[in-house]
Amino acid sequence: MYKTLLGATLLLVAGSVNAQQKALQHCAGIEDSLERLVCYDNIAKQSQGESKQAEGKARGKTQAEKQKSKAGHRGKSSLERTFGMEHKEKEEGQLDRIEVEVASTEQGPYDKWRIELSNGQMWKQTDSGGYFPWNDDDTYYIERGALNSFFFGREGSNRRMRVQRVK
């Protein structure tokens, strides 16, 4: 961007150098100091106006290029809008909670539970929750948590443990 701006300014300055030289010689030939000062001021105003115009044109070109590149990136905007939200959208037929029947439980290393369900699924405890009450007559559930996590709990109890499906 700066190279384009610098190049455009240099071309305009080089082209107007001859015209400025003639104008400066004309002003130098004026004997009255006030009129000579006014002549030099007019030359300065003209040269500033030309350089500002050149900068404006160069900036306009670079801004147009930026807008074109942004237009090319807009095609990705629908993908960008959904990025990171995959887990927020519920697929059709996806359940938030299921009631399960426990076939067997065993406490593995580090006192973490491995739970086998009657439908053949195997779940393991991933958090370090300590006590979890087991009773054969109770109803158990697995519910979906945030960020694709799952919790195993018992109806009527506010205790639950984070689990991960193994099989």
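In this predicted model, Ile98 stands opposite Ile142, a residue of β5. The two strands concerned, β1 and β5, run antiparallel and are joined by four bridges. This pairing is one step in an open sheet of seven strands, whose order is β1-β5-β6-β7-β4-β3-β2 and whose pairing is antiparallel. At the edges of the sheet lie β1, residues 97–100, and β2, residues 102–107, each of which pairs on one side only. From one strand to the next, the twist averages 30°.

Seen along the chain rather than across the sheet, the elements run α-α-α-β-β-β-β-β-β-β from the N terminus on, which gives three helices and seven strands. Among contacts with a separation of 6 or more, 43% are made by residues 24 or more positions apart.

Ile142 also leads into the interior, for it belongs to the largest nonpolar core, a set of 11 residues made up of Val100, Trp113, Ile115, Leu117, Trp123, Phe132, Tyr140, Ile142, Phe152, Met161 and Val163. At least two residues of this core come from each of β3 (113–117), β5 (140–144) and β7 (160–165), and the largest share, three residues, is supplied by β3. In soluble globular proteins, nonpolar side chains tend to be buried together. Within the core, Trp123 can be followed through its contacts: setting aside residues up to four places away in sequence, Trp123 touches Trp113, Arg114, Ile115, Leu117, Ile142, Phe150, Val163, Gln164, Arg165 and Val166.

For the chain as a whole, buried residues make up 20% of the 167 residues, while the accessible surface comes to about 13000 Å², with 50% of that area belonging to carbon and sulfur atoms.

A residue outside the strands completes the picture, namely Arg159, which lies in the loop between β6 (150–154) and β7. Arg159 has a relative accessible area of 42%, and because this value falls between the 20% limit for buried residues and the 50% limit for exposed ones, Arg159 counts as partly exposed. Apart from its neighbours within four places in sequence, Arg159 is in contact with Tyr131, Phe132, Pro133, Gly153 and Arg154; of these, Phe132 is listed in the nonpolar core described above. Arg159 and Gly129, although 30 residues apart in sequence, are separated in space by 9.3 Å, taken from C-alpha to C-alpha.

Terms used. Residues are numbered from 1 along each chain as its sequence is written. This is a predicted model: local features need pLDDT of at least 70, side-chain atom pairs count only at pLDDT 80 or more; totals for chains, interfaces and linings use all residues. Side-chain values use heavy atoms; hydrogens and water are left out. A nonpolar core is a set of buried Ala, Val, Leu, Ile, Met, Phe, Trp, Tyr and Cys residues joined through side-chain atoms within 4.5 Å. Buried means under 20% relative accessible area, exposed over 50%, partly exposed in between (1.4 Å probe, protein chains only). Contact means heavy atoms within 4.5 Å. Two strands pair if DSSP finds at least two bridges between them. Axes are lines fitted to C-alpha atoms, for helices over the stretch in contact, and angles run from 0 to 180 degrees between N-to-C directions. Accessible areas come from the Shrake-Rupley method with a 1.4 Å probe; for residues, only the protein chains shown count as cover.
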